[in-house]
Amino acid sequence: MLTSTVLASRPGFCITAVDCRDDHTRWSPAEVREDYRVVLVRRGRFRRQTAGGPAEVDLTMAYLGVPGEEERFAHPSGGGDACTSISLTPALWRVVAGEDARPVRQSVYVGARLDLAHRRVLASARTGDVDHAVTEELLGLLSATVGQAVGGAVPAGVRPGRDEAGLVAAARHAIGESHPASEGLLPLAELLGVSPYRLSRSFTRELGVSLTRYRNRVRIGRALDRLDAGEESLATLAADLGFSDQAHLCRTMREYLGHTPTALRRLLTPRQS
């Protein structure tokens, strides 16, 4: 079952919360849409298939959809998933991406700062100030996501091989599922049956970030979830997420996001207009 709730809408864009409770491993019938879309996951994961092949979509990987593209979806993990779908008109696409811009890749890495930008768009939508607060936050989010897709995170002439893509997908899955082996590079490489060097190199080539930064990004996302839900004890939060102590948690969040956990609580609290 698929439910959609419009969070904010104007002539140039529409932000929709999509919740899917489907649980099927097979690909859905083909769908074709006539808009540009940036889709970011809020919970769970799913698979998307286009002419370019299948891709895993989760909290750390968003995707960009383009008009006239045929796509299929599968939801193999169970438990459902939720995402934010941002639909753009061609006119707004040109404003953000430039005239005649076409994406060179459709998978977009969602780093910690982009994750925070996504959450701030959702928080601003709760204020009801679509013309100012929502639009301002949205343009920052679009600049980051579309900039990756149009500019391309992979240098020209360098494309990850299929084996590397599969290896990185397996590593991302282990990290996302909090497999015990994902606590370190060596045990994770052993779990996947490759050398630590190959795993580290493949991660950087495929996503443009190191495995360490990727794992920290996942932990920061979980910390933001807890803060957004009202977590009061930073010491408990640090211990639950595997940081050495509260100070380590605070240093990491400041490094990745430029804010302390206390400041992030304020950023994630919507201000009424």
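**Salt bridges and a pocket in a predicted model**

In this predicted model, a network of salt bridges links Arg33, Asp35, Arg37, Arg48, Glu69 and Glu71.

User: Happy to start with the network. Is Arg48 buried or exposed?

Analyst: Good place to begin! Arg48 is a member of that salt-bridge network and sits in strand β5. Its relative accessible area is 5%, and the cut-off for buried is under 20%, so Arg48 counts as buried.

User: Which side chains make polar contacts with the side chain of Arg48?

Analyst: There are two to point out here, and both partners belong to the network. One polar contact, of 2.7 Å, joins the side chain of Arg48 to that of Glu71. Another, at 2.6 Å, is made with the side chain of Glu69. The names to look for are therefore Glu71 and Glu69, given that a polar contact needs N or O atoms within 3.5 Å.

User: How many residues apart are Glu69 and Arg48 in the chain?

Analyst: These two side chains meet in a salt bridge, with N to O at 2.6 Å. Glu69 is in the loop between β7 (61-65) and β8 (70-74), whereas Arg48 is in strand β5 (residues 46-50). Glu69 is buried too, at 12% relative accessible area. The bridge links distant parts of the chain, and the separation is 21 residues.

User: How many salt bridges does the structure hold?

Analyst: Besides the bridge between Glu69 and Arg48, you can find Glu231 with Arg226 at 3.0 Å, N to O. Arg205 with Glu164 is another example. For the structure, the count is 21.

User: Which helices hold Arg205 and Glu164?

Analyst: The closest N and O atoms of this salt bridge are 3.6 Å apart. The pair links distant parts of the chain, with the two positions 41 residues apart, and the helices are α6 (residues 196-207) for Arg205 and α4 for Glu164.

User: Which partner in that pair is buried, and which is partly exposed?

Analyst: Let's use the cut-offs: buried is under 20%, exposed is over 50%, and partly exposed is in between. Arg205 has a relative accessible area of 46%, so Arg205 is partly exposed. Glu164 has 12%, so the buried partner is Glu164.

User: And for the salt bridge of Glu231 and Arg226, which residue counts as partly exposed?

Analyst: Glu231 has a relative accessible area of 18%, so Glu231 is buried. At 25% relative accessibility, the partly exposed residue is Arg226.

User: Turning to helix α7, which side chain makes a polar contact of 3.4 Å with Arg217?

Analyst: Arg217 lies in helix α7 and is buried, at 3% relative accessibility. Leaving aside neighbours within four places in sequence, its contacts include Leu59, Tyr109 and Tyr256. Asp115 is also among those contacts, and the side chain joined to Arg217 by the 3.4 Å polar contact is that of Asp115.

User: Which element gives the largest share of the lining of the second largest pocket?

Analyst: This pocket holds about 710 Å³ of space. Of its 28 lining residues, the closest to the centre are Val41, Arg42, Gly44, Leu59 and Asp225. Elements giving two or more residues are β4 (36-43), α2 (112-125), α4 (162-176) and α7 (211-228). The largest share, seven residues, comes from α7.

User: How many residues in that lining are charged?

Analyst: By class, the lining of the second largest pocket has nine nonpolar and six polar residues. Asp, Glu, Lys and Arg count as charged, and the number of charged residues in the lining is 13.

Notes. Residues numbered from 1 in each chain as written. Predicted model: local features only at pLDDT ≥ 70, side-chain atom pairs only at ≥ 80, totals over all residues. Heavy atoms only, no water. 1 Å grid on protein atoms, 1.4 Å probe; cavity = no way out; pocket = protein on both sides within 12 Å on 5 of 7 lines; lining within 4 Å. Points joined across faces, edges and corners; volume = space filled by probe spheres on them. Helix = DSSP H or I, 4+ residues; strand = E, 2+ residues; numbered from the N terminus. Salt bridge = Lys/Arg side-chain N within 4 Å of Asp/Glu carboxyl O. Buried < 20%, exposed > 50% of the residue type's maximum accessible area, 1.4 Å probe, protein only. Polar contact = N/O pair within 3.5 Å; in protein donor to acceptor, adjacent residues only side chain to side chain. Contact = heavy atoms within 4.5 Å.
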